[in-house]
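Visitor: I would like to learn how to read a structure like this one. Please show me the model, and we can take it feature by feature.

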Amino acid sequence: MENLTIDKKTKKRTFVKLGYSKLETVELVNSMNQLLADYSVHYQKLRNFHWNVVGAEFFDIHEKFEDQYNAVKVAIDDVAERIRIFGLTPFSTMKEYIENAEIKEVGTDFKAMDMVKEIIKDYEILLGQMFNVVELAIEHGDSGTEDMIKGFIKQVEKNHWMMSSFATEA
């Protein structure tokens, strides 16, 4: 990919391959791949919890976990396709996800409320990753990525609020 040139008087970009230098592209894609890895482990954790939740809270959270993993599945696809738009390859193997994710796999022996608390921790990690992607997108003038990730942020913040409210004892 050719280097990005900017006319200093008009501040206009000369667009080549979306208008990003090789360094900018690598920075943006690396940040999205990090998010992709965390989102993918989070997705599997939601499925694990959906399948394995038991107890009095079953009806409250079984369906909620399913709703969330279905939404995350779409977000994962959007992030991976955004990386492809830049002409690079997204992480796509479990090995890559697990080696690169800050979110960690867990077993099946969690109590329902511990599952909720674990998902809340995941949201905090995901939000940190999303903020990193947005900061880079703004820095590099990548409004497509910025807009996409800001939509995810709104949804994760809402999920965090709802699950935190559910986990709070009256």
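Guide: Start with one side chain. Phe-152 is buried, because its relative accessible area is 11% and the cut-off for buried is under 20%. Bear in mind that this is a predicted model.

Visitor: Which residue pairs its ring with that of Phe-152, and in what geometry?

Guide: First the general idea. A pair of aromatic rings is described by the distance of the centres and the angle of the planes. Here the partner is Tyr-39, with 5.9 Å between the ring centres. The planes stand at 80°, so the pair is edge-to-face. The cut-off for that class is over 60 degrees.

Visitor: Where in the chain do Tyr-39 and Phe-152 sit?

Guide: Tyr-39 belongs to helix α1 and Phe-152 to helix α5. The two are 113 residues apart, so the pair links distant parts of the chain. Tyr-39 is buried too, at 3% relative accessible area.

Visitor: How many aromatic pairs are there in the whole structure?

Guide: The search finds 6. Another of them joins Phe-49 and Phe-65. Their centres are 5.9 Å apart and their planes make an angle of 45°, which is tilted. Phe-49 is in helix α1 and Phe-65 is in helix α2, 16 residues apart.

Visitor: Are Phe-49 and Phe-65 buried or exposed?

Guide: Phe-49 is buried, with 0% relative accessible area. Phe-65 also counts as buried, at 0%.

Visitor: Which aromatic cluster do Phe-49 and Phe-65 belong to?

Guide: They form one cluster with Phe-110. Phe-110 comes from the loop between α3 (94-100) and α4. Its relative accessible area is 23%, so Phe-110 is partly exposed. Along the chain, Phe-110 and Phe-49 are 61 residues apart, yet their C-alpha atoms are separated by 8.2 Å. Leaving aside residues up to four places away in sequence, Phe-110 touches Phe-49, Met-115 and Glu-118.

Visitor: What can you say about Phe-58?

Guide: Phe-58 lies in helix α2. Phe-58 counts as partly exposed, at 25% relative accessibility. From Phe-58 to Met-113 the C-alpha distance is 10.0 Å, with their positions 55 residues apart in sequence.

Visitor: Now for empty space. How much of it lies in the largest pocket?

Guide: The general idea comes first. Rolling a probe the size of a water molecule over the atoms shows where empty space is left. In this model, the largest pocket holds about 150 Å³.

Visitor: Which residues and elements line the largest pocket?

Guide: The lining has 14 residues. Nearest the centre are Tyr-39, Ala-71, Val-72, Ala-75 and Gln-155. Tyr-39 is thus in the pocket lining as well as in the edge-to-face pair. The elements giving two or more residues are α1 (22-52), α2 (58-85), α4 (112-140) and α5 (143-167). Of these, α2 gives the most, with 5 residues.

Visitor: How does the lining divide into nonpolar, polar and charged residues?

Guide: There are 10 nonpolar residues and 4 polar ones in the lining of the largest pocket. None is charged.

Visitor: Let us turn to polar side chains. Where does Glu-146 lie, and what does its side chain contact?

Guide: Glu-146 is in helix α5. Its side chain makes a polar contact of 2.8 Å with the side chain of Lys-150. Glu-146 counts as buried, at 18% relative accessibility. Not counting residues up to four places away in sequence, Glu-146 touches Val-134, Ala-137 and Ile-138.

Visitor: What about Ser-40?

Guide: Ser-40 is in helix α1. A polar atom of its side chain lies 2.8 Å from the backbone oxygen of Leu-36. At 6% relative accessibility, Ser-40 counts as buried. Beyond residues up to four places away in sequence, Ser-40 touches Ile-76 and Tyr-97.

Visitor: Last, the overall view. How many helices and strands does the protein have, and in what order?

Guide: The protein has 5 helices and 2 strands. From the N terminus on, the order is β-β-α-α-α-α-α. Of the 170 residues, 43% count as buried. Take contacts between residues at least 6 apart in sequence: 72% of them join residues at least 24 apart.

Technical notes: Residues are numbered from 1 along each chain as its sequence is written. This is a predicted model: local features need pLDDT of at least 70, side-chain atom pairs count only at pLDDT 80 or more; totals for chains, interfaces and linings use all residues. Side-chain values use heavy atoms; hydrogens and water are left out. On a 1 Å grid over the protein atoms alone, a cavity is a set of points where a 1.4 Å probe fits but cannot get out, and a pocket is an open set with protein on both sides within 12 Å along at least five of seven lines; lining residues have an atom within 4 Å of a point. Grid points are joined across faces, edges and corners, and a volume is the space filled by probe spheres set on the points. Helices (H or I, at least four residues) and strands (E, at least two) are DSSP runs, numbered from the N terminus. Ala, Val, Leu, Ile, Met, Phe, Trp, Tyr, Cys and Pro count as nonpolar, Asp, Glu, Lys and Arg as charged, and the others, Gly among them, as polar. Rings of Phe, Tyr and Trp (its six-membered ring) pair if their centres lie within 6.5 Å; planes under 30 degrees apart count as stacked, over 60 as edge-to-face and the rest as tilted. Buried means under 20% relative accessible area, exposed over 50%, partly exposed in between (1.4 Å probe, protein chains only). A polar contact is a pair of N or O atoms within 3.5 Å; within protein, one must be able to donate a hydrogen and the other to accept it, and residues adjacent in sequence count only if both atoms are side-chain atoms. Contact means heavy atoms within 4.5 Å.
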